Amino acid sequence: MRYFDPKILASEITPQAVFENRRDLIKVAAAGAFGLALAPWFSREALAANSDKLAATLNPAYAAKDELTPAKYVTSYNNFYEFGTDKSDPAAYANTLQTRPWTVSIEGLVKKPVTLDIDDLLKLAPMEERIYRMRCVEGWSMVIPWDGYSLSKLISKVEPLGSAKFVEFISLADRKQMPGVKSNIIEWPYREGLRMDEAMNPLTLLTFGLYGEVLPKQNGAPVRIVVPWKYGFKSAKSIVKIRFTEEMPKTSWSQFDAREYGFYSNVNPQVDHPRWSQASERRIGDAKGAFAPKIKTQMFNGYGDQVASMYSGMDLKKFY
Ligand code: MTE
């Protein structure tokens, strides 16, 4: 495991070409194919042998028509700094994460604060499969079938107070289970947040699985957030706390460098990261590998119809 200044991103040190050459890539025979029918095939091929199934029903209203990223890439090319900063570290080291027992405490400005056991949280609402485009701030993207339900279903159960304006998500930070937490790359625990309306947007998914199986540890087991119109770092993994606040929460990345990582972090091809353009992206696992042409990044990652109205009147260059 290597540690370094995260300002030099892993993707710069390990360009995708090198990463991909390191691996014995499967030729995606099914490239171009898409759909739920494929999911079990990919997952059998790629997810852990002892992984558990999650019964989830595809919600066609939330199924991107893009070609799916094979599970092999979804579960081996990860960002999860609690387990190291290389893209391959989470898959190599996250096996030490204990996902049972696990509780999520829901606290702050709510009428009904509660600590829920993960197995109760799993049963709180019907499990849906959503196929979401995911865009990382580093310039790569994937298309992932996630399994979960809208976070709004949980939020309405705890009855937020009128004063609750933001929701904070706090990940586990346990040095015993997470070797990366020993280094101070960012301030632990990993913290992210959303404005209340963003958290209530039906796209925001409380996520327990991918490809119809429980989340692999490297993808944020046993429960994470997925916010597909924002850069990937907003989607906090392995969360233990959801806190409702009046003030905008201080997130780990904005504390690290507020100029580079804003609170909103909506995918926006017109607003460059201070050190690179955000106008295009490379799909991980494309059959052409490192030679795959870059594709244009879409405003709000293509979810403008569902989310743009939340930002009307806001200067998105200022509120990046
Ligand atoms: N959550 C925690 N707790 N720690 C992390 O390092 N990395 C973020 C996000 N959530 C991260 C995290 C980043 S930068 C990205 S791009 C996504 O997780 C990656 O999710 P994936 O590995 O499942 O694709």
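How far does a polar side-chain atom of Lys237 lie from an oxygen atom of the ligand? The distance is 2.7 Å in this predicted model.

**View 1. Polar contacts of the ligand with Lys237, Arg224 and Tyr81**. A polar atom in the side chain of Lys237 is placed 2.7 Å from a ligand oxygen. For Arg224, an N or O atom of the side chain is 2.7 Å from an oxygen atom of the ligand. Tyr81 contributes a polar backbone atom, again with a ligand oxygen at 2.7 Å. On its own the ligand has 540 Å² of accessible area, of which the protein covers 95%.

**View 2. The shell around the ligand**. The ligand is surrounded by 15 residues, and the closest are Tyr81, Glu82, Arg224, Ser235 and Lys237. Six residues of this shell are nonpolar, six are polar and three are charged. The ligand takes up the space of the largest cavity.

**View 3. Cis peptide bonds before Pro101 and Pro189**. Arg100 and Pro101 are joined by a cis peptide bond with omega of about -10°. Pro101 belongs to the loop between helix H5 (89-93) and strand E2 (103-108). The bond from Trp188 to Pro189 is also cis, and its omega is near -5°. Pro189 is in the loop that runs between strand E6 (166-171) and strand E7 (191-195).

**View 4. Positive phi at Ser238 and Asn301**. Ser238, a residue other than glycine, has phi near 45°. Its loop lies between strand E10 (224-226) and strand E11 (239-245). Ser238 counts as buried because its relative accessibility is 0%, under the 20% cut-off. Asn301 has phi near 55° and sits in the loop between strand E13 (295-296) and helix H10 (304-307). With a relative accessible area of 2%, Asn301 is buried.

Key
Residues are numbered from 1 along each chain as its sequence is written. This is a predicted model: local features need pLDDT of at least 70, side-chain atom pairs count only at pLDDT 80 or more; totals for chains, interfaces and linings use all residues. Side-chain values use heavy atoms; hydrogens and water are left out. A residue is near a molecule or strand if one of its heavy atoms lies within 4 Å of it. A polar contact is a pair of N or O atoms within 3.5 Å; within protein, one must be able to donate a hydrogen and the other to accept it, and residues adjacent in sequence count only if both atoms are side-chain atoms. Accessible areas come from the Shrake-Rupley method with a 1.4 Å probe; for residues, only the protein chains shown count as cover. On a 1 Å grid over the protein atoms alone, a cavity is a set of points where a 1.4 Å probe fits but cannot get out, and a pocket is an open set with protein on both sides within 12 Å along at least five of seven lines; lining residues have an atom within 4 Å of a point. A molecule sits in a cavity or pocket if more than half of its atoms lie within 2 Å of its grid points. Ala, Val, Leu, Ile, Met, Phe, Trp, Tyr, Cys and Pro count as nonpolar, Asp, Glu, Lys and Arg as charged, and the others, Gly among them, as polar. Helices (H or I, at least four residues) and strands (E, at least two) are DSSP runs, numbered from the N terminus. Buried means under 20% relative accessible area, exposed over 50%, partly exposed in between (1.4 Å probe, protein chains only).
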